[in-house]
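Work through the exercises below with the structure open beside you. Try each task before you read its solution.

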Amino acid sequence: MIPGPFELVRATSVDEAVAALVEHGDDAKILAGGHSLLPLMKLRLAMPGVLVDIGGIPGMSYVRVEGDEVAIGAGTRHHELEKDAVAAAEVPILPCTAGQVGDPQVRHRGTIGGTVAHGDPASDLPTALLALGGDVVVQGPDGRRTVPLTEFFLGFFETALAEDEVIVEIRVPRTGSAGWAYEKFTRRANDWPIVAVAAVGHRTGGVGGPYGVALANMAGSVVRATATEEALARGASIAEAAALADEGTNPSADMHADQEYRRHLARLLTRRALERAAAA
Amino acid sequence: MSILGTRVVRTEDALFLTRGATYTDDLVDDRLTGALHATFVRSQVAHGRVLAVDASAAREADGVVAVYTAEDVDLVPIPPGRPMVPPAMTRPWFAGDTVRFVGDLIAVVLTEERYQGEDAAELVSVDIEPLPAVVTTADALADEVLVFPEAGTNLMAAFGEPAPADFFDGCEVVVRQAVVNQRVAPVPLETRAAAAAWGEDGRVTIFCSNQGAQQAKAQIAGWLGLDPAVVHLVTPDVGGGFGAKIGADPEFALVAWLARQTGRPVTWVESRSENLVGMLHGRGQDQVVAIGGRRDGTVQAYSLVVDQDCGAYPRLGPVLPRLTVLMAPAVYAFPKVHAQARAVATNTTPIGAYRGAGRPEATAAVERAVDLFAAEIGMDPAEVRRKNLLPAFSEPHTTATGAVYDSGDYAAALDKVLAAGGYGELRAEQARRRERGDVRQLGIGLSVYVEITGADNGLGAGESAGMEVHPDGTATVLTGTSPHGQGHATAWAMIASEQTGIPVDRITVVHGDTDLIPRGAGTMGSRSLQQGGVAVHRAATELVELARQRAAEQLEADPADLEFDLGSAALGVRGTPGTGVTLAQLAEQEPLLVRTRFDAGGPTFPFGAHLVVVEVDTESGKAEVLRVVTVDDAGTIVNPLLAEGQRHGGIAQGVAQALLEEVRYDADGNPQTSTLADYPFVSATELPSFELVDMATPTPMNPLGAKGIGESGTIGSTPAVHNAVIDAVAHLGVRHIDMPTTPMKVWRAVQQAQQEGTH
């Protein structure tokens, strides 16, 4: 439970962090809250030679309204998001979901940028973000670019983030009073979801018609329940739409759940999420 | 008013909760200055032939002082230590020819700094040719692949004979069920740790995290071929054991041996991942229960057959099913009881004691059997229990398997728990939910248990104690017990205070140092209060008597004319105020100390009844525990706060086994639960507040009237939770679900029952 040897670079600006990534290439990893990366390093499943610590870069933690969107700094910790009044008013699914990540220690260290960059298919906030739609703002050697969340999560711990890029901001549409729900299924409160479903009603169209629906742990990455979204857009009932939730998914099998059970949970939790969202 | 029976707040906690205790890895001791750090290289293969171990690269790595492999160790392999186990089932110090489980020791790296050890350990190249692994008890009993080919069998021990063919003749109903009592990990917060240093006097001081210094010392001295007189073993503060820290582990002895080889102190602390494969596991029984009787609810015959998984090497594994067999008749007056057990070797982590150690398995089996029988005949499970319980007794009762129960009133425990839980209203609410077809169904689970505590663990059913009063009026109590969370510092001080009048906060309890306390049996099997606490009671009593003799000489009075005043801790001549001499004053003249021992007439048999209410989401299969109501009768209670703490922890671990925890291996013997992300131990968020009901039937076996309480919570709650989950879906046609009752298993059981129901 001791990581292999590594060099630590403490960046004081995003530019510095990017420069360090450029210098060290694929031997370098960004360290933010450290609650995904450090356990892997302690188990020696990850052995980066250089850690670029962005925790000391000022101004990376914020939640603010910008036009029709809410902008969230990549360094915003789960606990900060959970307690944020702007987020609660403008995009309430996020503070609710942030409050269900891990345990209090994890929530006080982990960051939204970190969990998005990690690309774990069983992570909470990426599921809610994917249901919301919006963009990931990343900065690399050529400056900033914007990647839609729907194009960000590519596969098992694989994202659209290049090796020399840092996530600086997440932008999501303001949902205000539209219905939403996050249904997380675990055996214990602090676990990763066996399956989770995020459903968000959209005022302005946005992703997937009346509802954006995303699933955790049903494929190599967090994925949208496209068939469900399309059925809802066609006017199908919640029960009919939810029955399609596992279409196109490829869940893994582990000791908590085999594929059949995960598919069942995806359908069940989608129905419950949509019912709760519709009742809101 | 006596201090005994009052809620004295734990004197230990101020330290534990602020600065923290001093665990083995925290020790700052001159003897350990300049210590080397040991890092073990363990097998990643469950069963295989060791072709080569190459440590040359590791020996060249930064900070490496030495690397030892099988060929560098000339110690005699560890014998089974149990007469019934084939002698060929020995444990090598390092696997030289064969690895027998993932976690088996292959080499050790000694480095100047701890972090260098993990880097260097990765450089030890191990070439293993995998062999088929024996993973389940069924694999083992097939005897096709042998864990120890030289033994000719995987069987470590066997108890009892098969039931006669006519065993269930005359029964109107017979129900049979295979029941898994799964393997679990103890997961103490403090993992294993040891440190050792040899002095110029030729003696070795060994610090290690364990449940009994004297036993650990005897084992290590025996394994290393040392004169016990040269071994000084010290048990620092210990952060939980649950049975898995009984005695010594081979790693502890190796640390002492390595210190001698290198001429430097050596320390070792294991990581959590290492702990989950290297420390003993618990439970691991595959059972078959059969129960027969009349449709009026009378049970006529009960049979239990146990296959105990012992893991790769014999520790307590082969002994545990003997306790299961002994306790098979449980609280019932069944006319016929049959019990039989086989204990086998597998290519998995060795099995040892875990909170209850053999008795929870007996209770789980019979309580599941009674529920199966009740379901089969369509009778309320409380009613079936009431019909078959032993009547209340105050004279010893001998069971079909030879256990001699000291005292008990099982029906009263059951009635109390049913009343406290509001059983009738719970069943009515359950009926309403069933009638409505609610998604969330109520499950009500019961268990009535009796267990054996303070059994002779091979060191006698007794314990040593000492007490010394100092000239400043403080006192020291010496105990052979070994607290690791129980609160002995508080309870033993209360017992000594009650006899001597010295305030609790002026009494220091010392344990776990074999030079200071050469004799002791340690803390296990819920024995500490009823033997160690009673020994302290005796020491304090004898100390007052010694003081009386001395005071009589000094006051030139007849000892019988002296009376002891608890308020001032002084002896004076009755009716002559102002003549008193205090214990402290006597100690000023001459050391005032006694050493004594209490030998119990035998074990005690605490009992109780648990009622658990769960809500099961029938669509997802997830069970949530809503209520746990328990009656745990442990005789006279010395400190209700401590007793409740023991019940709380025990209940939590029972809930954990019923709902959550399971050590799992794949078909090749690879552990699937070797981090705490994968091994789901229970936390407060999964538990309701517990409803504890008082009941105290004193035992005649000791002057305090105390029975054991450490394991009751686990023994009672495991089957109650298990039965409750099944009860919640019983109306859907579900008859049995094995522990842990995971959401997937419950969901699948409901699916299958419904499919069978429609055919």
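The exercises concern a predicted model, and each one is followed by a worked solution.

**Exercise 1. Strand E12 of chain A**

Task: Determine how many residues of strand E12 (residues 195-201) of chain A are buried, and which residues lie on each face.

Solution:
- Step 1. Count the neighbours: a residue is buried if 20 or more other C-beta atoms lie within 10 Å of its own.
- Step 2. Apply this to E12(A): seven of its seven residues are buried, and the strand is mostly covered.
- Step 3. Recall the geometry. Side chains in a regular strand alternate between the two faces of the sheet.
- Step 4. Sort the residues. One side holds A:Val195, A:Val197, A:Ala199 and A:Gly201. The other side holds A:Ala196, A:Ala198 and A:Val200.
- Step 5. Conclude that both faces of E12(A) are covered.

**Exercise 2. The partners of E12(A)**

Task: Find which strands are joined to E12(A), and in what direction they run.

Solution:
- Step 1. Take strand E11 (residues 180-185) of chain A. Six bridges join E11 to E12(A), and the two run antiparallel.
- Step 2. Check one pair: A:Glu183 has A:Val197 of E12(A) as its bridge partner.
- Step 3. Turn to strand E13 (residues 211-216) of chain A. Six bridges join E12(A) to E13, again antiparallel.
- Step 4. Check a pair here too: A:Tyr211 in E13(A) stands opposite A:Gly201.

**Exercise 3. A:Ala199 and the core**

Task: Which residues touch the most other members of the largest nonpolar core?

Solution:
- Step 1. Start with the core, which has 323 residues.
- Step 2. Pick out the residues that touch the most other members: A:Ala199 and B:Val255.
- Step 3. Find the element with the largest share of this core. Helix H14 (residues 528-555) of chain B supplies 10 residues.
- Step 4. Look around A:Ala199, leaving aside neighbours within four places in sequence. Its contacts include A:Trp180, A:Ala181, A:Tyr211 and A:Val213. Also among them are A:Ala131, A:Ala273, A:Leu274 and A:Ala277.

**Exercise 4. Where chains A and B touch**

Task: Describe the contact between the two chains by residue count and by class.

Solution:
- Step 1. Count: 16 residues come from chain A and 19 residues from chain B.
- Step 2. Find the main contributor on the chain A side. Helix H11 (residues 259-279) of chain A gives the most, with three residues.
- Step 3. Classify the chain A side: 11 nonpolar, three polar and two charged residues.

**Exercise 5. Chain B as a whole**

Task: Judge how compact chain B is for its length.

Solution:
- Step 1. List the elements: chain B has 18 helices and 28 strands.
- Step 2. Compare with the globule rule. The radius of gyration of chain B is 27 Å, close to the 27 Å that the rule gives for 759 residues, so chain B is as compact as a globular protein of that length.
- Step 3. Add the extents: the C-alpha trace of chain B spans about 90 × 75 × 45 Å along its principal axes.
- Step 4. Add burial: 58% of the 759 residues of chain B count as buried.

**Exercise 6. Two domains of chain B**

Task: Describe how domain 2 (36-130) and domain 3 (282-453 + 603-758) of chain B are placed and where they meet.

Solution:
- Step 1. Take the centres over C-alpha atoms: 39 Å separate domain 2 and domain 3 of chain B.
- Step 2. Count the contact: 13 residues from domain 2 of chain B and 14 residues from domain 3 of chain B.
- Step 3. Classify the domain 2 side: seven nonpolar, two polar and four charged residues.

Key:
Residues numbered from 1 in each chain as written. Chains lettered and ligands numbered in written order. Predicted model: local features only at pLDDT ≥ 70, side-chain atom pairs only at ≥ 80, totals over all residues. Contact = placed C-beta atoms within 7 Å. Helix = DSSP H or I, 4+ residues; strand = E, 2+ residues; numbered from the N terminus. Nonpolar A, V, L, I, M, F, W, Y, C, P; charged D, E, K, R; others polar. Buried ≥ 20, exposed ≤ 12 C-beta atoms within 10 Å, placed from the backbone. Pairing = 2+ DSSP bridges. Rg over C-alpha atoms; globule rule 2.2 N^0.38 Å. Core = buried A, V, L, I, M, F, W, Y, C linked by C-beta atoms within 7 Å. Domains from an automatic or database assignment.
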